[in-house]
Each structure stands twice: as C-alpha cells, then as structure tokens.
Amino acid sequence: MRHSYPWSVFSSQFTLILGLFLFVGPVHAAERVVPNDPLYYRQWALRQIDTETAWSVTTGSRDVIVAIIDGGFDIRHPDLWSNVWVNEKEIADDGIDNDGNGYVDDIFGWNFVNNTSWVGPMDAFQQQDDAWSHGTIVASLVAARGNNAEGIAGVTWNSRFMPLVVLDGDGFGNIPSIVSAIRYAVKQGASVINLSLTGFENDQTLDDVIREAEAANVLVVVAAGNDSDQAGRDLAELPVYPACSANASSTLIAVTGTDVIDQRAPYADFGAACTDIAAPGHELIGAHPTKNARSSHATTTPFYIDTITGTSAAAPLVSGTAALIRSVKPDWTVRQVRDRILDTADPIEAGVAFGQVGTLGRGRLNAGRALSGLAGQSEVRKSQVASRGMQSLPEVPRWAKGVWHFLEQL
Ligand SMILES: [Ca+2]
Ligand SMILES: [Ca+2]
Ligand SMILES: [Ca+2]
C-alpha cells in the first residue's frame, strides 16, 4: 500500500502571486472569525471552504479527537504540540503497559510500522523527501493550533489529533498496520479518522474495520488518491482502496482535490462511485517537520511549506470540518455528520471539464455552510471573544522560541 502521491513542487513564483491575490481580496464581515496566525493570509484553501463562518460557530472542542493514520509526525512542532492527544492512562518510558491496552508506553499514540511508541518522522531510504513529512503536514491541515500567533490555523483550532504511524519514511505501509491503527483509534476515543492514503488491494479486513468504526460512531475520511500522471486516475477504470471499497457509498467520505478556481486539481483521482466530495488540494500551506525532528534534514527543513498538492491535503479539510461538527453536535451519528458535509457542499459542476461531470462527488466542501445554524452562535461567539488572547493555553516551549520561518525569508 502506498500513500497518495505525488506531491509536487511548483514554481514559487506562482505561489507568491496567488498569496498576494488573496491578501488583497475579501473584506471580512462582522460575523466572521479571523485568526491571528501570521501565515493565515496564505491559506487560500480555508477561505475557499469558508472556515471563517464556521469558526463563528465553533473553533473546535478539545473533547473531539481526530486520529491521523499516516507517516511519522513531528509532534513537537510549535503549531502542533499543544493539540496532540495524550493517553492520560499511560505512563511514559516505564516499559509497562499501564492502561493494559496492549501497547507499552503509548503516551502519544503508536507506531504500527516499528511497533514502538515513537511516532516521529521516520527515515526515508529511497530519498522521497516528501514522504517523511507527510504525517506532520496532514495533521497540521486538520488541527494546527489556531489563533496562537504562530504559523497557520488548522480547520479546527483546538481539537486534538491522535498520531498513528502506518507508513514508513518512503510512504509505504501494509493493511494489517492500518487495520490495527483504526482499531486503536476507535478504542482510544477518536471520533474522526483521517486516512490520506490509498492502495490497490481490496481487502475484506479493511472493509470490516471501517464498518466497526462506524458501529462505534467514528467517521472515516479517506483520500481518493492521486496519479503520477497529471491527468489523474479514472477510478472507474482502476479503483483504489479504501476510497472505492464496499463502504464507499455509505460509511466513509472519499475526498478528491480541487484548485483555487474549483476545477479538479492536477493528479487528483476522480470517479462517480469512489468520490463523495471535493476539497482544495493544490498548493496548500502546511506545517513541516522542524529541524530537530530528524537531524539528517537539519539544513533543508522549513517550518512551513506552501506547495502541498494532492488529495492527501484535501481529505484533512473534510476531517477538520467533521471535527467542528462533532464539537457542536457530539450526539450526531456518522451518517448525520456525513450527510451534513455532503449536503452543504458548493456545486462546482459548471467549471468541471466535459466528461468529468459527476466524477468529483457532491461538490466542493463548504465548512461555513456545514456549520451554519448548528449551535447557538451568540453564546459560542461570546466565549470565543473572551478566549481570543488564548491566555489560558500553555506557553510555547522554550525550545520552540525564535523558530525560523522559511516563508518569511522570501
Ligand atoms: Ca498502553
Ligand atoms: Ca507505560
Ligand atoms: Ca497557528
């Protein structure tokens, strides 16, 4: 099984022009909530899905946990560390499985590749430098801490992510690891699972565990995958899993990618039977593993990277939106959350190439519409204004002070 590839690095010039365009763009209406994160102005994808309206309803509950089943994670990243799930029933580094869940010292999740408690970025042996950073990037798109005057904002600012490693440093993994990780996520209290990975094997055990997740009211969001061919893959001809699994039409949400003008992103797979929705998946900015997360990358690692392309980036936006919904509607079933996300998508068929109409799901994700009207907005907003300074949150640790921002050097 291989995670969704490729991410590609496009010319920085294009990205800069794009950022400038968005920076001078919309004036924010009063009911919108805008975070103070310095790189937020580059997060065109969040504007596209209208998270500012969604954030006027909720910026995410700490009680909602999104399991990110992916490659290794830099959980010490300054924009991630305060949103990492912690297994409070486990004692770190004592060699004992304190909570009796079968995993020794699983304080921050588990590495199912090496069967260890170390969930950090893993070594790449095939020099595919984007694979080792994949988990960090995906986690940040879902749940980078918002409004902390640092880096970017995740779709949910405050919900926590559970790091579960199933892909090695080259981006490869196997189904038993993924099945175990899904079971772990369900048992440890995740209510959303993000799978930014695909494979060609249609496996019954994977189908079964996704159904187990639904039975436990855990929503599974998956990437539709990318093809190395810029044209993307027609999933009707060559299906990938779990996007095209037997669960696809009811239990999980399979996500393809779109660009800034709501056309299918380069590389993004498509197909009526295997895609439920589209979300921005081209030239996104996300957190990148920090220098000390893996020493061999010490000279080449910015803290943020703005050339993330692929359905691996699109799926986390849906997972983050699901986390926001679950923050205000904790009692909703998987079906209710799924229907809400699909029913409130923006139609994009008009701009889709002839022959691909109907192959990008129900439309492009709109988090603002998905959240609108779900909670007593005035009360929620009042508490958000009060916490705007985020004084109650833990301080940025000493080691993370004075971080070097690649983008600010441009
Ligand atoms: Ca344990
Ligand atoms: Ca222990
Ligand atoms: Ca931030």
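These legends walk through several close-up views of a predicted model.

**View 1. The whole chain, before zooming in.** The protein is built from ten helices and eleven strands. Of its 410 residues, 54% count as buried. Take the contacts between residues at least 6 apart in sequence: 77% of them join residues at least 24 apart.

**View 2. Seven strands make an open sheet.** The strands line up in the order S3-S4-S2-S5-S7-S8-S9, and the pairing is parallel. S3 and strand S9 (277–280) stand at the edges with a single partner strand each, so one side of each has no neighbour in the sheet. Further in, strand S8 (residues 253–258) runs parallel to S7, and three bridges join the two. To find your way along this pair, look for Val221, which stands opposite Ile253 in S8.

**View 3. Strand S2 is mostly covered.** Six of the six residues of S2 are buried. In a regular strand, side chains alternate between the two faces of the sheet. Here Ile65, Ala67 and Ile69 point one way from S2, while Val66, Ile68 and Asp70 point the other way, and all are buried. S2 runs parallel to S4, with six bridges joining them, and Ile65 has Arg160 as its bridge partner in S4. S2 also runs parallel to S5, this time with three bridges; there, Val66 has Val192 as its bridge partner.

**View 4. Two helices lie across the sheet.** Helix H4 (residues 134–143) lies across S2, strand S4 (160–165) and S5, and runs at about 155° to S2. Helix H8 (residues 334–343) lies across S7, S8 and S9, and runs at about 45° to S7.

**View 5. Helix H8 has a buried side.** Start with Val334, Val337, Arg338 and Ile341, which are buried. They cover an arc of only 95° around the axis, which puts them on the same side of H8. The spacing makes sense, because an α-helix has 3.6 residues a turn and residues three or four places apart point the same way. What do the buried residues of H8 pack against? They pack against H6, S7, S8, S9, H7 and helix H9 (367–371). Over on the other side of H8, Asp339 and Asp343 are exposed.

**View 6. Helix H6, from end to end and around its axis.** Helix H6 (residues 204–215) has twelve residues, which at 1.5 Å a residue should span 16 Å; the C-alpha atoms at its ends are 16 Å apart, so the two agree. Leu206, Val209, Ile210 and Ala213 are buried in H6. Seen down the axis, the buried residues of H6 fall within an arc of 105°, so they line one face of the helix. Their cover includes helix H5 (175–187), strand S5 (192–195) and strand S7 (219–223). Turn to the other side of H6 and you meet Gln204, Thr205 and Ala215, which are exposed. After H6 comes Asn217, with a positive phi near 65°.

**View 7. Inside the largest nonpolar core.** This core has 108 residues, and the members that touch the most others are Leu164, Ala185, Ile193, Val221 and Val255. Helix H7 (residues 311–328) brings the largest share of the core, nine residues. Zoom in on Ala185 and set aside its neighbours within four places in sequence: Ala185 is in contact with Ala67, Ile69, Met162, Leu164, Ala190, Ile193 and Val218. Two of these names should ring a bell, as Ala67 and Ile69 point one way from S2.

**View 8. His77, in a loop.** Where does His77 sit? You'll find His77 in the loop between strand S2 (65–70) and strand S3 (110–111). Is His77 buried or exposed? A residue counts as buried if 20 or more other C-beta atoms lie within 10 Å of its own. His77 has 25 C-beta neighbours inside 10 Å, so His77 counts as buried. Leaving aside neighbours within four places in sequence, the residues in contact with His77 are Thr136, Ala287, Pro289 and Thr290. Ser140 is worth picking out too: Ser140 and His77 are 63 residues apart along the chain, and their C-alpha atoms are separated by 9.5 Å.

Terms used: Residues are numbered from 1 along each chain as its sequence is written. Chains are lettered from A and ligands numbered from 1 in the order in which they are written. This is a predicted model: local features need pLDDT of at least 70, side-chain atom pairs count only at pLDDT 80 or more; totals for chains, interfaces and linings use all residues. A nonpolar core is a set of buried Ala, Val, Leu, Ile, Met, Phe, Trp, Tyr and Cys residues joined through C-beta atoms within 7 Å. A residue is buried if 20 or more other C-beta atoms lie within 10 Å of its own, exposed if 12 or fewer, and partly exposed in between; C-beta atoms are placed from the backbone. Helices (H or I, at least four residues) and strands (E, at least two) are DSSP runs, numbered from the N terminus. Two residues are in contact if their C-beta atoms, placed from the backbone, lie within 7 Å. The expected span of a helix is 1.5 Å times one less than its number of residues. The arc is that of the directions from the helix axis to the C-beta atoms. Two strands pair if DSSP finds at least two bridges between them. Axes are lines fitted to C-alpha atoms, for helices over the stretch in contact, and angles run from 0 to 180 degrees between N-to-C directions.
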